[in-house]
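I opened this notebook to keep track of what I looked up in one structure. The entries follow the order in which I went through it.

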Amino acid sequence: MSESIQSIKEKLKQITTLDDPIVTQLRLDTRKGVQQALGSFEKRLAKEALLREKYETMSFYENEGYAQGHELIAGIDEVGRGPLAGPVVSAAVILPKGVEIYGLNDSKQLSEKKREELYEQIQEKALSIGIGVIDEQTIDRVNIYEASKLAMCEAVKELTPEPTYLLIDAMTLDLPIAQNKLIKGDARSISIAAASIIAKVYRDRLMKEYELQYPGYGFAKNAGYGTKEHLLGLAQHGITPIHRKSFAPVKQYLS
């Protein structure tokens, strides 16, 4: 009796190479369902190969740091520069040498579901994670650029053990630690990408909490950005304590 298609699909889930003897044998099975299962299997392996290749490419700056003798390399990124409400949040992440977390990328390029999946993997595998949160009052006082730097410095100071090398997305920090500023670093470095994901998920969850506290602005969906719903909320309800008063169009609602 022939093996069931479902059983074959389950077997293929465990196979990681095209030259596996089981795959060779299945190619001789003329059943349409078997050939479709093989097609799906080959697509999965091709996708995984691309993810590994991208991961290796994005490990370049970490490997460069290891070659210079740095064992504790932290990637740093922030989210929340553009919103009209809520804090700016930064994350710093030290990944262990040789770690594999395929799919890391700029958090803005990932779906919410994928970000959540990667967030859990990073939390599980990272050597250390630091979070920096700078509130709206500070943003209004020092400006968003300086507030972003403060958030990054705060995140680095939360790390244990202390890193000896920093990979930073488009910033240079006033810290006595060797560092490398990378433009679009969240798409070029696994450590910065990991930090980008941690910061994004952390801030999104925070804004969902603010939605319960300040309904009517759509914070759970827009994370404080100036969407149509948010602007309508401002017109109808005015500003909240978490709005950035130095940002237009929030300014016009100051009494």
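**Entry 1: a glycine in a loop**

I began with Gly103, which I found in the loop between β2 and α5. The model is a predicted one, and I kept that in mind throughout. I looked up whether Gly103 is buried or exposed. Its relative accessibility is 14%, under the 20% limit, so I noted Gly103 as buried. I then took a distance from Gly103 to Ala194: the two are 91 residues apart in sequence, and their C-alpha atoms are 10.0 Å apart in space.

**Entry 2: the cavity**

Gly103 came up again when I turned to enclosed space, since its name is in the lining of the largest cavity. How many cavities of 30 Å³ or more does a search of the whole structure find? The search gives one. The largest cavity holds about 30 Å³ of space. Besides Gly103, its lining is made up of Leu51, Lys54, Tyr55, Met58, Tyr102 and Leu104. I sorted the lining by class and got five nonpolar residues, one polar and one charged.

**Entry 3: the nonpolar core**

Leu104 led me on to the largest nonpolar core, where it is among the residues that touch the most other members. The others I wrote down for this are Val93, Leu95, Ile101, Ile122 and Ile197, in a core of 23 residues. I next asked which elements each supply at least two residues of this core. They are α3 (32–58), β2 (88–94), α5 (112–125) and α8 (190–213). The largest share comes from α8, with eight residues.

**Entry 4: the pocket**

I went on to open space. The largest pocket has about 370 Å³. Its lining counts 20 residues, and I listed the ones closest to the centre: Glu78, Asp106, Lys108, Asp169 and Asp186. Which elements give two or more residues to this lining? I found β1 (73–79) and α8. With four residues, α8 gives the most. Helix α8 thus appears in two of my entries, as the source of the largest share of the core and of the most lining residues of the pocket. By class, the pocket lining divides into eleven charged, five nonpolar and four polar residues.

**Entry 5: aromatic pairs**

A pair of aromatic rings is described by the distance of the centres and the angle of the planes. I counted four aromatic pairs. For Phe60 and Tyr61, the ring centres are 5.0 Å apart and the planes stand at 90°, so I entered the pair as edge-to-face. Phe60 is partly exposed at 47% relative accessibility, whereas Tyr61 is buried at 15%.

Another pair is Tyr217 with Phe219, which is stacked: the centres are 5.3 Å apart, with 10° between the planes. I checked the burial of both partners. Tyr217 has a relative accessible area of 3% and is buried; Phe219 is buried as well, at 0%.

**Entry 6: charges over rings**

I also looked for charged side chains over aromatic rings. The charged end of Lys97 sits over the ring of Tyr66, 5.0 Å from the ring centre. Arg205 lies over the face of Tyr119, and here the distance to the ring centre is 4.5 Å.

**Entry 7: backbone notes**

Most residues other than glycine have a negative phi, and most peptide bonds are trans. I noted the exceptions I came across.

Thr160 and Pro161 are joined by a cis peptide bond with omega of about 5°. Pro161 is placed in the loop between α7 (144–157) and β4 (165–169). A cis peptide bond also joins Ala248 and Pro249, again with omega of about 5°. I located Pro249 in the segment after α10 (228–237).

Where does Ala170 lie? It is in the loop between β4 and β5 (178–182). Ala170 is not a glycine, yet its phi is positive, about 60°. Its relative accessible area is 32%, which I recorded as partly exposed.

Lys184, in the loop between β5 and α8, has a positive phi of about 55° although it is not a glycine. With a relative accessible area of 62%, Lys184 is exposed.

Key
Residues numbered from 1 in each chain as written. Predicted model: local features only at pLDDT ≥ 70, side-chain atom pairs only at ≥ 80, totals over all residues. Heavy atoms only, no water. Phe/Tyr/Trp six-rings, centres within 6.5 Å; stacked < 30°, edge-to-face > 60°. Buried < 20%, exposed > 50% of the residue type's maximum accessible area, 1.4 Å probe, protein only. Lys NZ or Arg CZ within 6 Å of the ring centre and 35° of its normal. 1 Å grid on protein atoms, 1.4 Å probe; cavity = no way out; pocket = protein on both sides within 12 Å on 5 of 7 lines; lining within 4 Å. Points joined across faces, edges and corners; volume = space filled by probe spheres on them. Nonpolar A, V, L, I, M, F, W, Y, C, P; charged D, E, K, R; others polar. Core = buried A, V, L, I, M, F, W, Y, C linked by side-chain atoms within 4.5 Å.
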